[in-house]
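Welcome! Below are some short exercises, each followed by a worked solution. Have a look at the structure first, then try each task before reading on.

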Amino acid sequence: MSARFFDPDGDLYGLPTFPFRMAPKGYATRRQLRADGLRPGGQPAAAQLLWFSNRRRRTGQPPTLRVAYLYHRDRAKPVRPMTSGRAAALAKAMLARRTCPTCQTDAGYCIPRSLGMCVTCAYPS
């Protein structure tokens, strides 16, 4: 445990702060709320987790400070149900991501941003 990030009163960091995997019961991240079918529901972040990430270390970069905001689980609201209008808008957006701008066909997968077109158009041979 990194004692550097243990600040349950929020004196040092402004919010109650805990080291990675040391959050007390009753708090959850957005992802944890979503997995339980909940959302923050407009409440502000109640606490935060801080840790150093070694993700970039293999490229020679120093570790970076990461943060995850925590919300009160008891104040969370249920996720809004999918309406027919939202489902139609989502389907239209996904179709736009799959449509190649060069040949105007549905590629069946999201067009890579690095190519800007389907693989068939990018590599014709």
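**Exercise 1.** In this predicted model, decide whether His 72 counts as buried or exposed.

*Solution.*
- Step 1: Take the relative accessibility of His 72, which is 19%.
- Step 2: Compare that value with the cut-off, since buried means under 20% relative accessible area.
- Step 3: His 72 therefore counts as buried.

**Exercise 2.** Find where His 72 lies and which residues it touches, leaving out those up to four places away in sequence.

*Solution.*
- Step 1: Locate His 72 in strand β5, which covers residues 64-72.
- Step 2: List the residues His 72 touches: Gly 26, Tyr 27, Gln 43 and Ala 46.
- Step 3: Pick out Tyr 27 from that list, as Tyr 27 stands opposite His 72 in the pairing with β5.
- Step 4: Widen the view to the strands: β2 and β5 run antiparallel and are joined by two bridges.

**Exercise 3.** Work out the strand order of the open sheet of four strands.

*Solution.*
- Step 1: Start from β2 and β5, which are joined by two bridges.
- Step 2: Go on from β5 to β4 (residues 47-53); these strands pair in the antiparallel sense over seven bridges. One example to look for is Leu 49, whose bridge partner in β5 is Ala 68.
- Step 3: Move from β4 to β1, where three bridges join strands that run parallel. Here Thr 17 has Gln 48 in β4 as its bridge partner.
- Step 4: Put the pairs together to get the order β1-β4-β5-β2, with mixed pairing.
- Step 5: Check the ends: β1 (17-19) and β2 (27-28) are the edge strands, each pairing on one side only.

A reminder for this exercise: strands of a sheet pair through backbone hydrogen bonds, either parallel or antiparallel.

**Exercise 4.** Say why β4 is described as largely enclosed by the rest of the structure.

*Solution.*
- Step 1: Count the buried residues in β4, which gives six of its seven residues.
- Step 2: Conclude that β4 is therefore largely enclosed by the rest of the structure.
- Step 3: Set this beside the whole protein, where buried residues make up 22% of the 125 residues.

**Exercise 5.** Describe the protein as a whole, beginning with its helices and strands.

*Solution.*
- Step 1: Count three helices and six strands.
- Step 2: Read along the sequence to find the pattern β-β-α-β-β-β-β-α-α.
- Step 3: Compare the radius of gyration, 21 Å, with the 14 Å that the globule rule gives for 125 residues; the value is well over the rule, so the protein is more spread out than a compact globule.
- Step 4: Add the extent of the C-alpha trace, which spans about 60 × 45 × 20 Å along its principal axes.
- Step 5: Finish with charge: there are 21 positive and 6 negative side chains, and the centres of the two sets lie 12 Å apart.

Notes. Residues are numbered from 1 along each chain as its sequence is written. This is a predicted model: local features need pLDDT of at least 70, side-chain atom pairs count only at pLDDT 80 or more; totals for chains, interfaces and linings use all residues. Side-chain values use heavy atoms; hydrogens and water are left out. Two strands pair if DSSP finds at least two bridges between them. The radius of gyration is taken over C-alpha atoms; the globule rule is 2.2 Å times the number of residues to the power 0.38. Buried means under 20% relative accessible area, exposed over 50%, partly exposed in between (1.4 Å probe, protein chains only). Lys and Arg count as positive and Asp and Glu as negative; His and the chain ends are not counted. The place of a charge is taken as NZ of Lys, CZ of Arg, CG of Asp or CD of Glu. Contact means heavy atoms within 4.5 Å.
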